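Subject: A structure for you to explore

Hello,

Here is the structure I promised to pass on. Please open it beside this email, so that you can find each part as you read.

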Amino acid sequence: MTDLSRPVHRPPERERVNATSAESMQGPVPETSVPCPTETHMKSYDSFTTLVSAEREHRANYKTMVSAIMPRPIAFVSTISADGVHNLAPFSFFNGVGANPPAVMFAPCTKSDGTEKDTVNNLRAVGQCVVNVVPYDIREAMNQTSFAYPPEVDEFEVGRFTPLPSRYVKPMRVAESPVQMECKLIQIVRVGEGPLAANVCICEVLCFHMADGFLLEDETVDVTKIDLVGRLGGSDYSTIRDRFALPKPRSAGPGTSQMER
Ligand SMILES: Cc1cc2nc3c(=O)[nH]c(=O)nc-3n(C[C@H](O)[C@H](O)[C@H](O)COP(=O)(O)O)c2cc1C
């Protein structure tokens, strides 16, 4: 929060020069006397407990990671086996990674016995998936599909989800998810060996299906209406109902001159 009792920060001459270079990237920067926001309440810390990963159990590292890296979006991934069995599973080691081509990654880890999850086996065999987003009202059915069912079980049936045929890929879309991304596998990057090693699945998004009423005129998603959930540590989840806006900076900030020294 900005402390309004502090004097207005006027950028010195040197910062105005930087603002001109920012202009070439972001369009004209208005010459105004608007204060550069300075976070007066920023707290720095001087005492830490350091957990050395190499000295800890994999499970302990995992628990610390998922409680610190949050909230994580959830990819509800639909795949199909070489035998034609439909599979659904949620993954919160998930994110978008670029837009040229539009690409996402999610990371199914190896199981505690070191074997692979069905999603990875199916991706290796078929090279396609659908990434569905997870709104609040499907949270419980989504969670149910995360049970370790054998590969012959169709998890659309487990969660009573409605399969919709895809346009470009064999795996089905989840009709209860308002945004579905048909994807083709680019690469699986293996990180580590044994239990909890990662298979980072990098996929190109071939098309986005947006349910009617969720797409705004500028082709972005209606954030309030979609009501997605995110994963925290353990059994905790979050919603995106409590939000705040933070417009992009339009000029170089007050710390810039220090950085250049
Ligand atoms: C919200 C949520 C997020 C999850 N994220 C991951 C993840 O990122 N990586 C992973 O290996 N398992 C994750 N899991 C566990 C898998 O969903 C679970 O192991 C599932 O059985 C895998 O299914 P499959 O064998 O059909 O691929 C998550 C579970 C839930 C409920």
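Below is what I found in it, starting with some notes on how to read the model.

**Before you start**

This is a predicted model, in which local features need pLDDT of at least 70 and side-chain atom pairs count only at pLDDT 80 or more, while totals for chains, interfaces and linings use all residues. Residues are numbered from 1 along each chain as its sequence is written.

The term pLDDT is the predictor's confidence in each residue, from 0 to 100. The protein has a mean pLDDT of 87, and 83% of its residues reach 70 or more. Over residues 1-34, however, the pLDDT is below 50. Beyond near neighbours in sequence, that stretch has 33 contacts in the model (two residues are in contact if their C-beta atoms, placed from the backbone, lie within 7 Å).

Names such as α3 and β3 refer to DSSP runs numbered from the N terminus: helices are H or I runs of at least four residues, and strands are E runs of at least two.

**The sheet**

Try tracing the open sheet of seven strands, whose order is β3-β2-β6-β9-β10-β5-β4, with antiparallel pairing. Two strands pair if DSSP finds at least two bridges between them. The edges are held by β3 and β4 (94-99), each with a single partner strand, so one side of each is left without a neighbour in the sheet. On average, neighbouring strands are turned by 35° against each other, direction ignored (axes are lines fitted to C-alpha atoms, for helices over the stretch in contact, and angles run from 0 to 180 degrees between N-to-C directions).

One pair to look for is β6 (residues 128-132) and β9 (residues 179-191), which run antiparallel and are joined by five bridges. Here V131 has M181 in β9 as its bridge partner.

At one edge, β4 and β5 (residues 102-106) also pair in the antiparallel sense, over five bridges. A hairpin joins these two strands through two residues, and N95 stands opposite M105 in β5. How many of the six residues of β4 are buried? The count is zero, so to speak a strand that is hardly covered. A residue is buried if 20 or more other C-beta atoms lie within 10 Å of its own, exposed if 12 or fewer, and partly exposed in between, with C-beta atoms placed from the backbone.

**The helix across it**

Next, find α3, which lies across β2 (75-80), β3, β6, β9 and β10 (198-210) and runs at about 50° to β2. Its buried residues are D118, T119, V120, N122 and L123, and they pack against β2, β3, β6, β9 and β10. After α3 comes G127, with a positive phi near 75°.

**Around the ligand**

Which residues are closest to the ligand? They are A89, F93, K117, D118 and T119, out of 17 residues that surround the ligand (a residue is near a molecule or strand if its C-beta atom, placed from the backbone, lies within 6 Å of it). Both β3 (86-91) and α3 (118-126) supply at least two residues of this shell, and β3 gives the largest share, four residues. By class, the shell has nine nonpolar, five polar and three charged residues. In this count, Ala, Val, Leu, Ile, Met, Phe, Trp, Tyr, Cys and Pro are nonpolar, Asp, Glu, Lys and Arg are charged, and the others, Gly among them, are polar.

**Backbone details in the loops**

Two cis peptide bonds are worth finding. One runs from M70 to P71, with omega near -5°, and P71 is in the loop between α2 (58-68) and β1 (72-73). Another joins N100 and P101, with omega about 5°; P101 is in the loop between β4 and β5.

R160 is a residue other than glycine with a positive phi, near 55°. This residue lies in the loop between α5 (155-158) and β7 (163-164), and R160 counts as exposed because it has 9 C-beta neighbours inside 10 Å. L196, not a glycine either, has a positive phi of about 65°. The loop between β9 and β10 holds L196, which is partly exposed, with 15 other C-beta atoms within 10 Å.

Enjoy exploring!

Best wishes
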